[in-house]
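Student: Could we go through this structure together? I am new to it.

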Amino acid sequence: MDYLIEILGPLLQGTAVTLQVFLLTLLLSVPLGLGLALVRVSRFHLASAMVNGYIWLMRGTPLMLQMLFIYFALPFVPVIGVRLPDFPAAIVAFVLNYAAYYAEIFRAGIQSIERGQYEAARVLGLSYGQTMRRIVLPQVVKRILPPMSNETITLVKDTSLIYVLAMNDLLRAARGIVQRDFTTMPFVVAAAFYLLMTLVLTWGFHYLEKRHAVYDE
Amino acid sequence: MPSTTNELANVAPMIVARAIRKRFGLVEVLKGVSLEIAKGDVVAVIGPSGSGKSTFLRCLNHLETVDAGEVLIAGETLVSSDAAGVCRYAPDAELRRICRRMGMVFQHFNLFPHLTVLQNIIEAPLTVKGMARDTVVPKAEELLRKVGLFDKCDSYPARLSGGQKQRVAIARALAMEPDIMLFDEPTSALDPELTGEVLRSMRQLADEHMTMLVVTHEMAFAREVSSSVVFMDAGEIVEARAPAEMFSSPAHPRTQAFLEHML
């Protein structure tokens, strides 16, 4: 018990880092993903193709590689080259990567809305923007909640990748103690922490799904 | 002398379609369809499926773009073709303004499932016309009373029967105060016992002298409510006549064959 309390301090600090990366990524990548999806389904073919290429790149290479690239290689890239400290570098990589995945979820949702909805909105005089904002996207939210929940839970666990930039997230903190004390107890505690975080998320998404269940389709 | 568009609208037919052509890939769906509809006319378009009736209707309010031909709505040009056959549509803003004069009711209702019945009706007046909620809501309620669904104000569409959905769709279209109502097989997706209530609402609208173009398989409605019946087959209008004549003595063998099959 005393040992548990002793290791709780560093593990909680690690959890704080994990939560920061998680929340910042979620907050930034969801709107960016929505923007990308809207461009992707728009009638601007060149922009749509560019987004397509972007998604291919982001989903086609490991997130860890992207993080290493932004931290180590970006400073040497001409014109856009900047040297980012570890935390911002991690956030940039996570946001760029997750926006691509969220964009595909949004796209699936947008394209699942029947053509009749667009036609009804159009004959009533709604512009494309109004149709998206008032008719399509509110229905999309309901349909994409399950895959969004999936992706967001994956994000919680993916945050452990930031150890490659030598940042002390929950898993790295646990591993440090394991290697120091020759006991696997910290792993068990870390697992419990991850489970707790995903449990809260699961509840949150269930609540949202319930709230959107006031109408059937 | 100022010649206002209003003056024009009083004399010009509500809908003029001239030589409308439309092709989907290799199939020519409309082979030069022409039709004029005067204010207050109720025109029923009948014909076998695949004859181009719905496509023709959808060309009138720009849900489909025509390949050639002319459409004028209340004297205003929606689309015109020059001598070389190149189509030119009105500029975007004008196009939207002209199309807004036409309400449309779809076969599959296309109500907005995430909005209540009342919200479905007030959505466009609020966002498109920018009207105040205080004026829009009483008007929507009045329309719902008219179609007999005032008690369903706060229901979501999924809770309604097909007939009720279609009556909400009619109220929703009327809330934008259109001059013309287009109906695309409004009762085809309904159980037979539910068509009556929808047809009643449409008949009421006809009695109020709304200009209506109705693509339908309801021969009784065509016969009893319409002022003229248009028979389409294979992408062209075969004949257009008063309903009494059309049903008692169709001139064309194709019309005869179709009506024999339907009646």
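Student: In which sense do β7(B) and strand β8 of chain B pair?
Tutor: β7(B) and strand β8 (residues 180-184) of chain B pair in the parallel sense over four bridges; two strands pair if DSSP finds at least two bridges between them. Strands (E, at least two residues) and helices (H or I, at least four) are DSSP runs, numbered from the N terminus.

Student: Which residue in β8(B) does B:V105 stand opposite?
Tutor: B:V105 stands opposite B:F183.

Student: Which helix packs on the sheet there?
Tutor: Helix α6 (residues 162-174) of chain B does, touching β7 and β8 of chain B; contact requires C-beta atoms, placed from the backbone, within 7 Å. The direction of α6 makes about 170° with that of β7(B). Axes are lines fitted to C-alpha atoms, for helices over the stretch in contact, and angles run from 0 to 180 degrees between N-to-C directions.

Student: Is the model predicted or not, and how is it numbered?
Tutor: This is a predicted model: local features need pLDDT of at least 70, side-chain atom pairs count only at pLDDT 80 or more, and totals for chains, interfaces and linings use all residues. Residues are numbered from 1 along each chain as its sequence is written, while chains are lettered from A and ligands numbered from 1 in the order in which they are written.

Student: What is the strand order in the sheet?
Tutor: The six strands of this open, mixed sheet run β7-β8-β9-β3-β10-β11 (chain B). Its edge strands, each pairing on one side only, are β7 (102-105) and β11 (236-241) of chain B.

Student: And at what angle do α1 and α4 of chain A cross?
Tutor: The axes of α1 (residues 2-41) and α4 (residues 86-112) of chain A cross at roughly 45° and come within 6 Å.

Conventions: Two residues are in contact if their C-beta atoms, placed from the backbone, lie within 7 Å.
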